[in-house]
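Here are my notes on the model, as numbered points. Please read them with the coordinates open.

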Amino acid sequence: MSDANGPGCIFCQIVADRSPAARVAEDEHTLAFLDIFPATPGHTLVVPKTHARDLLDVSSDDLAACTAMAQRVARRLVSELGADGVNLINACGAAAWQTVFHVHLHVVPRYSGRDQLVQPWTPAPGDPAEMTALAERLRA
Ligand code: 5GP
Ligand code: ZN
């Protein structure tokens, strides 16, 4: 795995309980805690306990465990905080807004008419020929 565990990684510090965090849930492979700069009230981060840099680096087992934990948290955000919806967000790489290089899922509760978040792209139809060519390149 790339990047070092331990003192260099704030999320490894939180997993090890050497840095404080508002913990929400935990299982054998993952930890969920509140984001210190919440997009909305209840904004939670889900991390694997084993350090991995990003979506490309993390094992599929740990990613699956994080996804299951994100679903568990999302259900709590709806049932306990009255969220009307939830965005599940991952930033992979600095170009995609990643700032902490220990892979994590943002579980962001949404409150209809009561939060300020906006969709980060403007939907517009793709060029069909370009899409056909791209799909061809992406098929493995
Ligand atoms: P990224 O930008 O990598 O997708 O998300 C990193 C997130 O981690 C940010 O939303 C940021 O607010 C949060 N964060 C950074 N440092 C800490 C910390 O020390 N504790 C907690 N709870 N969240 C943090
Ligand atoms: Zn780490």
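1. Start with the side chain of Gln98. In this predicted model, that side chain reaches the backbone nitrogen of Gly93 at 2.7 Å. Gln98 also has a partner in Val100: the backbone oxygen of Val100 lies 3.0 Å from a polar atom of the Gln98 side chain.

2. Where does Gln98 sit? Its place is in the loop between β4 (85-89) and β5 (105-110). Is Gln98 buried or exposed? The relative accessible area of Gln98 is 4%, so Gln98 counts as buried, the cut-off being under 20%.

3. Which residues does Gln98 touch, leaving aside those up to four places away in sequence? They are Arg53, Asp54, Ala91, Cys92 and Gly93. Gly93 thus appears twice for Gln98: in this set and as the residue whose backbone nitrogen the side chain reaches.

4. Next, the metal. Four residues coordinate the zinc ion (ligand 2): Cys9 and Cys12 through SG, His51 and His102 through ND1. The distances run from 2.0 to 2.3 Å. The angles among the four donor atoms are 104 to 116°, and the site is tetrahedral. For a parameter file, note the spacing of the donors along the chain: C-x2-C-x38-H-x50-H.

5. The two histidines link distant parts of the chain, 51 residues apart. His51 is in the loop between β3 (44-48) and α2 (60-81). His102 is in the loop between β4 and β5. That loop also holds Gln98. Both His51 and His102 are buried.

6. Now Asp115. It lies in the loop between β5 and α3 (128-138). Its relative accessible area is 16%, so Asp115 is buried; the limit is under 20%.

7. What does the side chain of Asp115 contact? It makes a polar contact with the side chain of Arg110, at 2.9 Å. It also reaches the backbone nitrogen of Leu117, at 3.2 Å. Leaving aside residues up to four places away in sequence, Asp115 touches Thr40, Pro109 and Arg110. Arg110 is therefore both a polar partner of Asp115 and a member of that contact set, where contact means heavy atoms within 4.5 Å.

8. How many cavities of 30 Å³ or more are there? The count is one. The largest cavity has a volume of about 30 Å³. Its lining consists of Val46, Pro48, Val58, Leu63, Cys66, Val103, His104 and Leu105. β3 and α2 each supply at least two residues of that lining.

9. Last, the overall fold. The protein has three helices and five strands. Along the sequence they follow the pattern α-β-β-β-α-β-β-α. The C-alpha trace spans about 50 × 40 × 25 Å along its principal axes.

10. Two totals for the whole protein. Of its 140 residues, 34% are buried. Among contacts with a separation of 6 or more, 55% are between residues 24 or more positions apart.

Key:
Residues are numbered from 1 along each chain as its sequence is written. Chains are lettered from A and ligands numbered from 1 in the order in which they are written. This is a predicted model: local features need pLDDT of at least 70, side-chain atom pairs count only at pLDDT 80 or more; totals for chains, interfaces and linings use all residues. Side-chain values use heavy atoms; hydrogens and water are left out. Helices (H or I, at least four residues) and strands (E, at least two) are DSSP runs, numbered from the N terminus. Buried means under 20% relative accessible area, exposed over 50%, partly exposed in between (1.4 Å probe, protein chains only). A polar contact is a pair of N or O atoms within 3.5 Å; within protein, one must be able to donate a hydrogen and the other to accept it, and residues adjacent in sequence count only if both atoms are side-chain atoms. Donors are N, O and S atoms within 2.8 Å of the metal (3.2 Å for Na, K and Ca); water is not among the atoms, so sites may look incomplete. Four donors count as tetrahedral if all angles lie between 85 and 135 degrees; four count as square planar and six as octahedral if opposite donors are over 155 degrees apart and all others between 65 and 115; anything else is irregular. On a 1 Å grid over the protein atoms alone, a cavity is a set of points where a 1.4 Å probe fits but cannot get out, and a pocket is an open set with protein on both sides within 12 Å along at least five of seven lines; lining residues have an atom within 4 Å of a point. Grid points are joined across faces, edges and corners, and a volume is the space filled by probe spheres set on the points.
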